[in-house]
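Here are a few notes to go with the model you asked me to look over. Have it open while you read.

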Amino acid sequence: MQLKNYAAWIPVENAQLEVGLAPFPRCGDDELVIKNHVVAINPVDWKIQASGGFNLTYPAILGSDVAGEVLSVGKKLKKKFAVGDRVISHALGLGNGPAYGGFQFYPILSAATTSLIPDDVPFKEAAVLPLSISTAAAGLFMNANLGLNFPKADSNLGRPFTNTKDTSTLLLWGGSSSVGSSVIQFAAAAGYAVIATASPANYEYCKTLGATYILDYHNPDIIPILISVLKGTNVAGAYDSIGSDTTVRQCASVLHALGGGKIASVVSSPEDLYGDVTVARIGSTGIVSQEPEVAKMIWGRYVPWALKNKKFVPSPKALIAGKGLDDIQKGLDRQKQGVSASKVEILLDDE
Ligand SMILES: NC(=O)c1ccc[n+]([C@@H]2O[C@H](COP(=O)([O-])OP(=O)(O)OC[C@H]3O[C@@H](n4cnc5c(N)ncnc54)[C@H](OP(=O)(O)O)[C@@H]3O)[C@@H](O)[C@H]2O)c1
């Protein structure tokens with residue numbers, strides 16, 4: 001029987017998603033096609049729906065996070081992937097056209113942002129990860145951003161915070177966000193002491209992932225407290241996983257008081273900061289297009305190894321908001337309402 005592909009299309013800017021037929025994909029030599037089992041929703045999905053951008057041509061297919069089963073394998077990938085393999089992938093629809101968007105039954109995926117997942121990790125757990133993997137890796141490891149050391153394959157989660165110059169510390173604004181959850185795990189595995197901000201309800205969550213010290217960003221004295229905690233340590237930089245003007249400025253105040261440094265920000269990059277503080281705006285696809293050695297190291301080597309060895313744990317928890325392509329719009333609306341240490345997902349079959 002001929003398989004049919006369906007997608008949740010965005011017909012024009014500012015319109016609701018509509019389910020309809022999509023061409024059945026054929027993958028290139030470096031690509032895979034999967035049968036999509038679970039998609040996760042990211043803020044960028046509803047942000048594009050509300051305000052456009054990314055030079056999209058419409059109708060378009062959004063969606064960055066997918067988990068599913070390999071249906072066809074490009075010629076050059078036969079040694080790495082096989083039909084039936086279970087994978088997660090950062091779907092690269094933005095910039096590459098609708099066949100590459102995540103919100104369809106059979107998306108085309110780039111092998112550069114795809115990883116095998118172990119049999120004991122359900123698709124709905126693993127689907128929370130892909131965009132956060134690329135974004136965390138881009139901010140932490142690209143030389144254009146913080147340029148930190150890669151995680152070591154044999155490292156333990158976390159390390160004691162000694163408050164001495166021997167320990168390289170990372171200031172992470174937003175430890176319980178989806179991106180922040182991968183930042184903590186990668187940075188801790190690379191040997192950095194992660195000092196994160198979060199709500200008190202998520203302190204334990206951040207600690208479990210490997211953060212060394214967590215502080216409440218609602219505290220009006222958060223800046224002087226962070227300065228005193230980080231003083232005397234070797235601060236490797238700040239990762240702002242929230243990326244509002246306010247949070248970038250908060251990170252900048254801390255770094256400035258400690259003698260300056262670099263911030264990697266997921267969104268905002270104001271220019272009128274202190275002379276000794278620079279801000280790099282993270283682009284998650286930079287790990288493929290600008291510094292491909294980062295994608296090779298993280299997606300190609302570290303993630304498959306660390307998932308298998310339980311050194312990298314799918315986080316945050318999935319918040320299932322519906323089932324089927326028709327419910328993806330509901331998922332976007334739910335993500336827009338705000339979440340705390342959880343990732344909105346839509347199941348596409350009987351997971
Ligand atoms: N540049 C890129 O390529 C790229 C890629 C992916 C995402 N992004 C952007 O990155 C941002 C985060 O995305 P996400 O999916 O990780 O978000 P998310 O998981 O939806 O963020 C929710 C979390 O943010 C935390 N939070 C909210 N305000 C905070 C503040 N002022 N300080 C510290 N934590 C705060 C909350 O923590 P508590 O519940 O603990 O309070 C909550 O856990 C979005 O703006 C997204 O568009 C950019």
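**Notes on the model**

1. Let's start with helix H3, whose buried residues (under 20% relative accessible area, 1.4 Å probe, protein chains only) are Pro 130, Leu 131, Ser 132, Ile 133, Ser 134, Thr 135, Ala 136, Ala 137, Ala 138, Gly 139, Leu 140 and Phe 141. That is twelve of its twelve residues, so H3 counts as mostly covered.

2. Before going on: this is a predicted model, where local features need pLDDT of at least 70 and side-chain atom pairs count only at 80 or more, while totals for chains, interfaces and linings use all residues. Residues are numbered from 1 along each chain as its sequence is written, and side-chain values use heavy atoms, with hydrogens and water left out.

3. H3 spans residues 130-141 and reaches 16 Å from its first C-alpha to its last, close to the expected 16 Å (1.5 Å times one less than its number of residues). Helices here are DSSP runs of H or I with at least four residues, and strands are runs of E with at least two, numbered from the N terminus.

4. Now the ligand: 28 residues surround it, and the closest are Ser 176, Ser 199, Asn 202, Tyr 217 and Ser 340 (a heavy atom within 4 Å).

5. Which side chain has an N or O atom 2.9 Å from a ligand oxygen? That's Gln 335. The protein covers 83% of the 950 Å² of accessible area that the ligand has on its own (Shrake-Rupley method, 1.4 Å probe).

6. Finally, Lys 310 sits in the loop between helix H9 (292-308) and strand S14 (317-323). Leaving out residues up to four places away in sequence, Lys 310 touches Pro 118, Asp 120 and Val 121 (heavy atoms within 4.5 Å).

Definitions and conventions
Buried means under 20% relative accessible area, exposed over 50%, partly exposed in between (1.4 Å probe, protein chains only). A polar contact is a pair of N or O atoms within 3.5 Å; within protein, one must be able to donate a hydrogen and the other to accept it, and residues adjacent in sequence count only if both atoms are side-chain atoms.
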